[in-house]
Amino acid sequence: MDLLSGELEVEKHVKYILSIEKKKDSFESVAMEHLRMNGAYWGLTTLDLLGKIETVDQDEVISWVMQCQHESGGFAGNVGHDPHILYTLSAVQVLALFDKLDVLDVDKLSDCILWLNFMEKNAATFSPCLLDRKLDICGLQNEDGSFSGDIWGEVDTRFSYIAICCLSLLHRLDKINTEKAVEYIVSCQNLDGGFGCTPGGESHAGQIFCCVSALAITGSLYHIDKDLLGWWLCERQLKSGGLNGRPEKLPDVCYSWWVLTSLILIDRVHWIDKVKLARFILDCQDKENGGISDRPDDAVDVFHTYFGVAGLSLLEYPGLKAIDPAHALPVDVINKIFFDRK
Amino acid sequence: MHGQPRKPLNPDDDAASIAKAAKLRNLQSQLLHNHHNKIYTKEALEISWKLLELNPEIYTGWNYRKLAVEHNLQAKTDPESIKSIVDEELKLVETALSRNYKSYGAWHHRKWILNKGFSSFDHEFRLLNKFQKADSRNFHAWNYRRFVTAMKNIPEKEELQYTTDMINSNFSNYSAWHNRSVILSNLLKRKAEGFTSKENVLAEEYDLVHQAVFVDPDDQSGWFYHLWLLEQTVTPDAPMLVSSWPIHDSDMIVSFKSNLDETLLSTSTRYCSESGTFPLILYFNQPVEGVSSSTVTVNFMFCKEDLLWRPLSTTNSKKSHAWVTHLKFPDKEDNSSKVYPVEVRLGHSQGIISSSGSHYNFPSRFAFKVTLQCVELEAAEGGSGMKMLDWGDGSFQICEDLPLDLSPILSLDQLKISRNHEPTALHFLIETITTEIALFRELLLEIKCCKIGKLTLARLLIAHDAIMTYNTPVEYKKVNTEEVLELFTDLMKLDPTHSSYYKDEHSLVLMEKVISNRKSMSKHCFFYGGSSSSNLCNSVCLRLNKLSLSKIGSFEHLLWVQMLDLSHNELHSIEGLEAMQLLSSLNLGYNRFSSFTALEPLRSLQTLKVLDISYNEIGVHSIDTTRYLCSSPLSHTVEDNCDFDEYARDDVKIADTWEAVMFFKGLQLRQLNMTGNAISDDNFRILLLKLLPKLKWLDGKGVH
């Protein structure tokens, strides 16, 4: 990896990320407004990995994040939008980056997540009047252990991961029945060793990351056939060095994150060629204007910039902060959460 | 943004984009206004339609539509009005999906509306055909298809046929292969009509997948399906016992209450016990649960209470290949030098279950004898104190003719297990593997550098040897080993990107070759200390050093080992080593271990006294690949962190020391060498001495 040292355009990427906020008028940026919370997480985590998070105004960010919080406790993708678990995790992660988890009413938020676990069984008959109902749900669990993304009942293992990761960061994992949650994830395991969105769903590297990480955080990785899944995952690396997310698909920088984290968590990351992958990611940089794209010479965006830099961090690229593969936050942030408790 | 070319800014494009953006922003703010004010008029709905048509990803828009539907349904009760409300939503979803068929929100909206029960599912296959034709790998569409077939109660056989059609029209469709594996395993599991014979079903599947693999061997679509078929073919449903310690027919000498330092006296048939107990280990061919005093009967005259069995795994899994219990002797006075028989029986009642849910169902027994020998402290050889163990070549003397009782390699005859496969099943198994081997050899004749051909052939040859080992009455000599090793060596060159994968596979085969038969194993067994040396003589050390192993396995053959040298290899993991419960001295020096968490298996070895982990990479890496595989606060497998506080100091952070604390705290080490690691400094030395109060030698020097 040292051979490639100096090829990461740190300054340009920082400039690019800071510039996104100023380019609000293009169609792409308006079309992404509803997931600005994810964007904030991607951009800010990238800046932190690059050692440049102090370039943003922390108070401004936190005040905006808190404006996105709904009275139920969950967060929306942007001010005025509805709360969803996808944005709730990003909000918690952004607050964690600034060591500001203490601004949250942790019990209210974790009850809200727990509720998404409980409500699923009523999804078909669910009525929005529940929105206004007082949430008193301690001890309630959904029968199959799955989680919904919001009150509208979409079920997906992505939401299982998010709930588990969020509760872990908030020290509230004991609120859910993790055994049931794990059971549901295991029911989504396929014969190729991977995982899908719901039982029977095809294996996909993004989904595998969610399931493997959720099992990691709950100490349940023994449910995985590491050699079988490891072979499937390492075969995602193509001759170009890049990784795809499913067999016979094109490589994409974002899989540097989904595949690498999964391989690391099951201790099989040595089965791919790390230098070749780092080469691929570096080749996807826009060396003029900063930012990283899905493939060389494509248009850059903050999503791929984050996954590219985070991927390089997982590859131990010189000069980058290390990132925790399961909680998706810098290791120093995670250490603070888990080991600095008073 | 996926797949969009990077291009220089063009003012014209820019202006168009800004105009379009303004329109989108306008629609979006109108939608949010209507949403917040609960306005569900026709005009308001029109706005949300336009917005979702333009950008189906705006999830709040779908939420608004759902609230509007609920609101409007309350007002209407006549079927016509209900139908028009529902149809409107279905139409919107289809329009949105035509714009972006990967929109989670749109697909979910359709499920939500159909789940209300006002509409039939009859049009759903038309919709599916449209989107599955546009992209036959669209996993949203496949998920939706499974939802629709479940709602419509479509027979699984019809859906199986659908996958056949999809595969026949284009075998490079991993999604179809995947769905096929889901449906087929369901049909096999519930033994549906036409699927009662696993053999017949598998035979047909092999035919199908051969077409895919042989037409374009580089296309991965069929690879994983073929591997799955192979596993279905060779893995017996029921778990079986493959080895134990002690082994059948052995005569054990257990000396106990000896000087604590004398544990190295142990040899393979002599076991020194500190606590008046000795371990009984069972090793199965696959991870099992349910080993307990009710599923395993142990007849031993001192065994009055129910035995407590423990799975040997580094996680909190209830399943494991290896299980251990401890047999306890009463006080020593009146039983010294007497011989006590021990009999172990299992499989007589159900309860030992594999991951796939199959029961251990082969009634089997093994028996051995135990002679107790009480060693008085002063009578012990060299009782004046243990010397530091020296791993240097000079300390070892080869034992050319390993006495029989010193090479307790498992013989299946000795274990008295029943044969695992039914004769017809066994016939099918051998025939299938033989045919597959022939086919892949043919493929390799045509395409010499065919990666999947070589890999599959290697796997088939390994499977063939394994089957013959377990099903031949006499000791079977593995005939394919050399060819397999050669195939993996070729693969490392042919596919350098994945060379470490082949290297690991190569190591496993090499290791098995070395230890799975008496003759080759004896070349690696050495007496420690030589004949003249004092207290350590007769200790047999298995030396697997300098073999460039990157991965180890075959633990079922190693249960007896008490002294093991794995130094000068390329190991970064010792997964599975926890089964070697008798280990007291271990050399892992000059390998690639990069963290204490990677050594987690050693935490369950209560007899480990000597450990060498010098010249590894502990402390070098920023990313720890075993952090979540071990007990840790991060994986929520440690009760509380207060232990860590005890070892923290002002200048030493818990975050930097907790792994070392976790690892060393439970160990009873007398000798530790960890020179040559990035982590060893003065602070760390102080921590070690605190963690290991019984330590006598650290890094080659006396501690006191």
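In this predicted model, strand β5 of chain B, which covers residues 296-299, has side chains that alternate between two faces. V296(B) and V298(B) point to one face and are buried, whereas T297(B) and N299(B) point to the other face and are not buried. The partner of β5(B) is strand β8 of chain B (residues 339-346), which runs antiparallel to β5(B) and is joined to it by 4 bridges. Within this pairing, N299(B), one of the residues of β5(B) that are not buried, stands opposite E343(B) in β8(B).

Beyond this strand pair, chain B also meets chain A, with 87 residues of chain B in contact with 93 residues of chain A. The area buried between the two chains is about 8,000 Å², and carbon and sulfur atoms give 55% of that area. On the side of chain B, the residues that lose the most area to chain A are R6(B), Y59(B) and Y628(B), which together account for 11% of what that side buries.

Polar interactions across the interface comprise 54 residue pairs in polar contact, with both residues at pLDDT 80 or more, while the count of salt bridges between chain B and chain A is 6. In one salt bridge, the side chain of E575(B) meets that of R268(A) at 3.2 Å, N to O. Helix α1 of chain B (residues 11-36) contributes 10 residues, the largest share of the side of chain B that touches chain A. The composition of that side by class is as follows.

| Class, side of chain B touching chain A | Count |
|---|---|
| Nonpolar | 32 residues |
| Polar | 35 residues |
| Charged | 20 residues |

How values were computed
Residues numbered from 1 in each chain as written. Chains lettered and ligands numbered in written order. Predicted model: local features only at pLDDT ≥ 70, side-chain atom pairs only at ≥ 80, totals over all residues. Heavy atoms only, no water. Buried < 20%, exposed > 50% of the residue type's maximum accessible area, 1.4 Å probe, protein only. Pairing = 2+ DSSP bridges. Contact = heavy atoms within 4.5 Å. Buried area = accessible area lost by both parts, 1.4 Å probe. Salt bridge = Lys/Arg side-chain N within 4 Å of Asp/Glu carboxyl O. Polar contact = N/O pair within 3.5 Å; in protein donor to acceptor, adjacent residues only side chain to side chain. Nonpolar A, V, L, I, M, F, W, Y, C, P; charged D, E, K, R; others polar.
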